[in-house]
Number of protein chains: 2
Amino acid sequence: MSTREPGSRLPSWRPGATRDAVLHFLDEAAAVPVAHRVACFDNDGTLWCERPTYVQLDFFLDVLRQRVARDPGVARGEEFAALLSGDRAAVDALGLPRIGSALTGLCAGISPEEFTSLVRDFMGRARHAGLDRPTRATTYQPMLELLDELRSLDFTISVVTGGGTEFVRAVSDDLYGVPPELVVGTLLQYDVDDPDGSPSLVRSTRLFGEVNEGAAKVGNIQTQLGRRPILGVGNSAGDRQMLAWATGGVGPSLALLVEHDDAEREFSYAGKAETFAETEPITDVARRLGWTVVSMAQDWETVFAPLG
Amino acid sequence: MSTREPGSRLPSWRPGATRDAVLHFLDEAAAVPVAHRVACFDNDGTLWCERPTYVQLDFFLDVLRQRVARDPGVARGEEFAALLSGDRAAVDALGLPRIGSALTGLCAGISPEEFTSLVRDFMGRARHAGLDRPTRATTYQPMLELLDELRSLDFTISVVTGGGTEFVRAVSDDLYGVPPELVVGTLLQYDVDDPDGSPSLVRSTRLFGEVNEGAAKVGNIQTQLGRRPILGVGNSAGDRQMLAWATGGVGPSLALLVEHDDAEREFSYAGKAETFAETEPITDVARRLGWTVVSMAQDWETVFAPLG
């Protein structure tokens, strides 16, 4: 058992069964060998707000608008025209793979360092319109406190995201204290050029493997981290396999599923990613399997990280 | 400058220009932001002995012999027959990709945990015949001391190997203090099965990307670590691009190339991997580009880690 009073840990979590389950896991994990203390967190909707749009989409739209300002002809492409006009039906009809590929193409041919600069520039000025706060302050304070507790126990903490690996790497240290090698996401291939013995490396438009959702998260955790987590935290059907994987090993483990049921302070929506619909709502899966469901409305005293 | 006396650092490195260059880099690196303190080490021939055969090949041969003991028919396969008879010409004629694929197939269908157990069992008993010491003690003591110095400077240390990622991960913490997520090697894909909501994961025979040598090392460092190293350490032509990459950025950097010129204590051979021959010997490339060449015979007072 921890010698600290329960009240001094996870202060933004309200007392109750959910916080007790998390604290109980932390106490148990303290007896697990350090090499097995691995925690995998989904990003969008788990560590920060994903509504009304993914931050990564906001970023690429920002890049697109800057490109169009310099070269108006770019706006005539079918995918970009649909995005810029806000024509949701047209976007849906084109489909996420095609839209995603067009947006990825905007940054093809630039170096990783240039891409990181673009993301950080955007993050320095982006605001969430509906929530009236900087985008960088749409992270969930209770989750940041959980990350701190895990770090104090020498956990290896990974962000396992359906988003682009390099996009999340550009913000993960600043937002979560997670270094780039511990971000497992949808990977882009690089083109390595080595004409004169000085290699250079630029972004391509080809994925390395598949989109990091569902079963792919389990495979990529193994290929990129090499260890099974004992804590899995997510919020959507795309996290189901990861959470099942986290609780499928030997010894103490915990699966935490965030339920977005707080229309007043955040958003209220069914906890499944639109593009990875399953027949059973993920919250029902969670309750059936004995996972711990975190009700944003009931379990969190504070939702967002402080401004500034 | 470090406040420690030079003599107290890198004690197995003999005084001279090579050690001075390494110490100078360490002193400079202390002023580099921690996020940029990334070091990438090749494994075979750089951190431990690769002659007369790669340890990974010894391991797979051991697995093969155990398999044949249970099922003698396995030995009739063309690749295995060539390997078991020690017919070097036949092995060469079949080619590394085919031999490698056959050996990888021996462990197809088993879980990552089972594979790790096989490797650790082997490493617990394997001996290097020529050097008359346990295989696990064929690591280079001067490199272990360099790893310690880097760790004291909060470097992120990665092993970037042409060998199988999972093979090296099974030994990297024990041998080098490097956790699995910081091993960048040749990746195998996993088959994820999820029939009833309890995902399982087994080794396939398919590579994820290509063999991690040459330009692939640069691409994989970016995709898997997300940061450019400022220290690159290698010994073969397969490390050329990685070392050029490490020294191609802004700020202090160092490329170290181990020259195997010590027939008395280890082996003497041209510093290029047989399967990645280039027209120019890698030691000539190194001297031309101003890399620091480490003469095993001249620069190292002690070669191997202590027994036991």
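Trainee: Where is the place of Pro52(B)?

Mentor: Pro52(B) sits in the loop between β1 (38–41) and α2 (55–70) of chain B; helices here are DSSP runs of H or I with at least four residues, strands are runs of E with at least two, and both are numbered from the N terminus. The peptide bond from Arg51(B) to Pro52(B) is cis, with omega near 0°. Keep in mind that this is a predicted model, where local features need pLDDT of at least 70, side-chain atom pairs count only at pLDDT 80 or more, and totals for chains, interfaces and linings use all residues. Residues are numbered from 1 along each chain as its sequence is written, chains are lettered from A and ligands numbered from 1 in the order written, and side-chain values use heavy atoms, without hydrogens and water.

Trainee: What makes Leu10(A) count as buried?

Mentor: Its relative accessibility is 1%, and buried means under 20% relative accessible area (exposed is over 50%, partly exposed in between, with a 1.4 Å probe and protein chains only). Leu10(A) therefore counts as buried. Leu10(A) also has a positive phi of about 50°, although it is not a glycine, and lies in the segment before α1 (17–29) of chain A.

Trainee: Why are α2(A) and α6(A) called roughly perpendicular?

Mentor: Helix α2 (residues 55–70) and helix α6 (residues 112–125) of chain A pack at about 105°, with their axes 10 Å apart. Angles run from 0 to 180 degrees between N-to-C directions, with axes fitted to C-alpha atoms over the stretch in contact. Since 65 to 115 degrees counts as roughly perpendicular (under 35 roughly parallel, over 145 roughly antiparallel, the rest oblique), the two helices are therefore roughly perpendicular. Among the residues making this contact (heavy atoms within 4.5 Å) are Phe59(A) of α2(A) and Phe122(A) of α6(A).

Trainee: Which strands are the edge strands of chain A?

Mentor: They are β6 (200–208) and β9 (292–295), as each pairs on one side only; pairing needs at least two DSSP bridges between two strands. The open sheet has seven strands in the order β6-β5-β4-β1-β7-β8-β9, with mixed pairing. Strand β5 (residues 183–193) and β6(A) pair in the antiparallel sense over six bridges.

Trainee: How do you know that a two-fold axis relates the chains?

Mentor: A rotation of 180° with 0.0 Å of shift along its axis superposes chain B on chain A, at an RMSD of 0.0 Å. The fit is by least squares on C-alpha atoms of residues with pLDDT of at least 70 in both copies. That is the relation of a two-fold axis.
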